[in-house]
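Please open the structure in your viewer and keep the sequence panel visible beside it. The tour below proceeds stop by stop, stating what to select and what is found there.

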Amino acid sequence: MYNGFLDFETPLIEIEKMIEGEKDEKKKRKLKRSLALEKKKIYSSLKPYQIVQIARHPKRPNIMDYIDGLFDEFIELCGDRVFGNDQAIIGGIGRIGENKVMLIGHRKGRELKENLVYNFGMASPEGYRKAKRIMELGGRFRKPIITFIDTPGAYPGIEAEERGQAMAIAENLYTFFKLPSPIISIVIGEGGSGGALGIGVSDRILMLKYSMYSVASPEACASILWKDAEEVYKASENLHLTADALYKLGLIDGIIDEPLEGSHKDPQKTIKNVKNAIISSLKELSSYSSEILLEERAKKYRKIGFFKRLD
């Protein structure tokens with residue numbers, strides 16, 4: 001039964017049970033010190049797949065928490081004007097401090113019923129077309145565009161393919177490189193494959209400390225390469241999907257700090273850190289002309305990727 005703890009946090013459960021049952025205050029204080037040390041020990045040496053587990057934590061703040069906590073005003077824009085309104089993508093016009101921006105983000109639910117409505121954050125073509133409509137509106141009025149990435153990937157169902165899933169994502173990638181507005185993307189949970197990239201081409205890519213960004217999930221990678229889904233730890237190591245690994249590789253521009261045990265332990269602190277990062281990035285990017293933004297954005301993505309000669 002899920003009780004808010006992840007499997008690698010088992011030692012913490014045992015200590016907390018001892019604290020609850022201890023009557024002697026002196027012994028209780030000693031146990032609390034032991035708990036703090038154990039937390040520090042666990043979270044200072046997390047393996048990549050353990051970070052994946054935190055990124056997927058069901059109580060982790062989602063896009064609706066960020067909208068409520070970051071924006072003084074928000075007006076949602078719905079529909080793609082072709083097929084319908086995909087609930088897995090939310091977007092609209094918002095104000096953060098003195099900055100009026102366009103917002104686009106993947107939407108996940110808390111409980112199963114919500115996740116069925118939002119398709120677990122897996123967007124269909126109409127979701128990406130809605131995102132394109134919003135980003136083009138931002139470009140037309142030179143408003144900054146903020147995207148929040150939190151998806152295991154684009155919806156892989158046959159009906160999504162029939163309605164042009166690949167084309168919708170490809171058109172978004174093309175559109176991002178034409179927008180004259182500053183673009184900031186923040187990975188707040190999972191960043192999975194083309195589903196993430198469909199709203200993730202930007203001037204500044206930031207990741208929360210315990211988020212993940214990858215071409216494939218560890219489970220899919222393990223099944224493909226080792227024919228064994230149990231090899232998720234090995235897959236996670238090789239995918240270099242953590243914020244620290246991607247920053248070292250130069251694939252992201254910054255890491256936003258989280259509380260020791262993850263953003264679900266102190267959502268308000270995390271949201272405040274995200275807000276500071278957005279305002280700082282907006283201040284920096286607003287000093288560039290549209291021409292420089294477009295030029296630097298193209299350079300940024302052209303230089304991604306490197307190889308070593310083996311001869």
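Helices here are DSSP runs of H or I with at least four residues, and they are numbered from the N terminus. One such run is helix α10, and alanine 222 lies in it. Please bear in mind throughout that this is a predicted model.

**Stop 1: alanine 222**

Select alanine 222 in α10. Is this residue buried or exposed? Its relative accessible area is 0%, and a residue counts as buried under 20%, so alanine 222 is buried. Now display its contacts, leaving aside the neighbours within four places in sequence: alanine 222 touches Lys227, Asp228, Ala229, Glu231, Val232 and Ala235. Next, add valine 82 to the selection. Alanine 222 and valine 82 are 140 residues apart in sequence, and their C-alpha atoms lie 37 Å apart in space.

**Stop 2: helix α3**

Select residues 48-55, which form helix α3. How many of the eight residues of α3 are buried? The count is eight of the eight, so the helix is largely enclosed by the rest of the structure. The buried residues are Pro48, Tyr49, Gln50, Ile51, Val52, Gln53, Ile54 and Ala55. To see what covers them, show the surrounding elements, which include α2, β5 (183-192), β7 (212-214), α10 (218-226) and α11 (232-239). Helix α10 is thus part of the cover, and it is also the helix that holds alanine 222.

**Stop 3: helices α1 and α2**

Helix α2, part of the cover of α3, also packs against helix α1. Select residues 10-21 for α1 and residues 25-43 for α2: the two pack at an angle of about 170 degrees, with their axes 9 Å apart. That angle makes α1 roughly antiparallel to α2. On the side of α1, show Pro11, Leu12, Ile15, Glu16, Met18 and Ile19; in α2 they meet Lys28, Leu31, Lys32, Ser34, Leu35, Glu38, Lys39 and Ile42. Colour this contact by residue class, and eight nonpolar, one polar and five charged residues appear. A general point helps in reading such a list: an α-helix has 3.6 residues a turn, so residues three or four places apart point the same way.

**Stop 4: strands β1, β2 and β3**

Select residues 89-96, strand β2. Six of its eight residues are buried, so β2 is largely enclosed by the rest of the structure. Add residues 73-76, strand β1: four bridges join β1 to β2, and the two run antiparallel. Which residue in β2 is the bridge partner of glutamate 73? The partner is arginine 95.

Then add residues 99-106, strand β3, which is joined to β2 by eight bridges and runs antiparallel to it. Here isoleucine 96 stands opposite asparagine 99 in β3. The hairpin of β2 and β3 has two residues between the strands, and glycine 97 in it takes a positive phi near 65 degrees.

Return to the loop between β1 and β2 and select arginine 81. Arginine 81 has a positive phi of about 65 degrees although it is not a glycine. With a relative accessibility of 73%, arginine 81 counts as exposed.

**Stop 5: strand β6 and its partners**

Select residues 204-208, strand β6. All five of its five residues are buried, so this strand is largely enclosed by the rest of the structure. Both of its faces are covered: Arg204, Leu206 and Leu208 are buried on one side, and Ile205 and Met207 on the other.

Bring in β5, which pairs with β6 in the parallel sense over four bridges; serine 185 stands opposite isoleucine 205. Then bring in strand β8 (residues 254-256), which pairs with β6 in the parallel sense over three bridges. Opposite leucine 206 stands glycine 254 in β8.

**Stop 6: single residues**

Select serine 193 in helix α9 (residues 193-197). Its phi is near 55 degrees, a positive value in a residue other than glycine, and serine 193 is partly exposed, at 35% relative accessible area.

Select lysine 272 in helix α13 (residues 267-285). Lysine 272 is exposed, with a relative accessible area of 56%. Its C-alpha atom is separated by 10 Å from that of glutamate 258, which is 14 residues away along the chain.

Finally, select two cysteines. Cysteine 78 is partly exposed at 43%, whereas cysteine 221 is buried at 9%. With a disulfide taken as a pair of cysteine sulfur atoms within 2.5 Å, the count of disulfides is zero.

Note on methods:
Residues are numbered from 1 along each chain as its sequence is written. This is a predicted model: local features need pLDDT of at least 70, side-chain atom pairs count only at pLDDT 80 or more; totals for chains, interfaces and linings use all residues. Side-chain values use heavy atoms; hydrogens and water are left out. Axes are lines fitted to C-alpha atoms, for helices over the stretch in contact, and angles run from 0 to 180 degrees between N-to-C directions. Angles under 35 degrees count as roughly parallel, over 145 as roughly antiparallel, 65 to 115 as roughly perpendicular and the rest as oblique. Contact means heavy atoms within 4.5 Å. Ala, Val, Leu, Ile, Met, Phe, Trp, Tyr, Cys and Pro count as nonpolar, Asp, Glu, Lys and Arg as charged, and the others, Gly among them, as polar. Buried means under 20% relative accessible area, exposed over 50%, partly exposed in between (1.4 Å probe, protein chains only). Two strands pair if DSSP finds at least two bridges between them.
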